[in-house]
Amino acid sequence: MTSEVASRPLPQRGRIWVVALLALGLFALGYTIVELSTQKPGDPVVHVDGISDAQGLFGGVPQEGDRLGSEDAPVTIQVFNDLQCSECQDDFLSTIPELTERYARPGDVKLLYRHYSNSINPEQLGFYGAEAAADQGYGWQYIYLFFRNQDEAERVGIDDEYLATVAGGAQELDIEEWEADLEENGQKGGPIEQRLERDEELGRDLEIRTGQGMVLTGPNGTVTLQEGPSLAEVEAAIAEVE
């Protein structure tokens, strides 16, 4: 015996609602297609790598302004480098993390960052961002993240938004305070530009050449290292001057 399920016709009011919903769905679909075909591409998403590494590397090491390490450290290393110099990236990343862990953290060495232009870009925006971060004691985290993400900077371009994204990677840095610092001190002729000019003049006086340069000073004298010295060369110079 075969059973059949009788189907009732949809009431008129129900049919009206179905038609209305179908029409609304088709309209929404058409609107979305038009939007996707006419909208301009948005700004690229910025990916900042090395945030946890920066925190682990520099967290707990004393910082004040351009200094990393104890103020009373017997050896001082002035680090001359350019945040926007692609050839200087390896010089920084192959030496500074190890020097921080082995010498700055225990209090044997203090590092002082000096900006010295090696790049063709006359606008040293990276340095401005680092200076504002340094005012809160996070300058070295900012410098590390900027060097670590130079490829990303080249991909998306260096502008105010990119600088702020890097600043956000220094996790405890107050972004609003950082932005206010840049607004107040980053104007032409302002304190940050004056500091940049002093660093550049000092580098010329010391005859720093291309790549990362270092000037080490300790109880037993001064040693100048040029053109991206290796970690082994820096360690030998520390032993010489301490």
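In this predicted model, helix α4 meets helix α11 through two sets of four named residues: Glu 98, Leu 99, Arg 102 and Tyr 103 on the α4 side, and Leu 231, Val 234, Glu 235 and Ile 238 on the α11 side. Helix α4 spans residues 96-104, and α11 spans residues 231-241. Their axes lie 11 Å apart and form an angle of about 30 degrees. Angles under 35 degrees count as roughly parallel, so α4 is roughly parallel to α11. The crossing of the two helices is right-handed.

The largest nonpolar core holds 55 residues. Within this core, Ile 77, Trp 140, Tyr 142, Trp 178 and Leu 216 touch the most other members. Helix α6 supplies the largest share of the core, with 7 residues. This helix covers residues 139-148. Beyond its neighbours within four places in sequence, Trp 140 contacts Phe 58, Gln 63, Asp 66, Arg 67, Leu 68 and Val 79. Its contacts also include Phe 92, Ile 96, Leu 111, Leu 112 and Tyr 113.

Helix α8 runs from residue 160 to residue 169. Its buried residues are Tyr 162, Leu 163, Ala 164, Val 166, Ala 167 and Gly 169. Several helices contribute to covering these residues, including α2 (51-58), α5 (125-134) and α6 (139-148). Helices α7 (150-156) and α9 (175-185) are also part of the cover. At the N-terminal end of α8, Asp 159 acts as a cap. One of its side-chain oxygens lies 3.2 Å from the backbone nitrogen of Glu 161.

Key. Residues numbered from 1 in each chain as written. Predicted model: local features only at pLDDT ≥ 70, side-chain atom pairs only at ≥ 80, totals over all residues. Heavy atoms only, no water. Buried < 20%, exposed > 50% of the residue type's maximum accessible area, 1.4 Å probe, protein only. Contact = heavy atoms within 4.5 Å. Polar contact = N/O pair within 3.5 Å; in protein donor to acceptor, adjacent residues only side chain to side chain. Core = buried A, V, L, I, M, F, W, Y, C linked by side-chain atoms within 4.5 Å. Axes fitted to C-alpha atoms, helices over the stretch in contact; angles between N-to-C directions. Parallel < 35°, antiparallel > 145°, perpendicular 65-115°, else oblique. Left-handed = near helix turned anticlockwise from the far one by under 90°.
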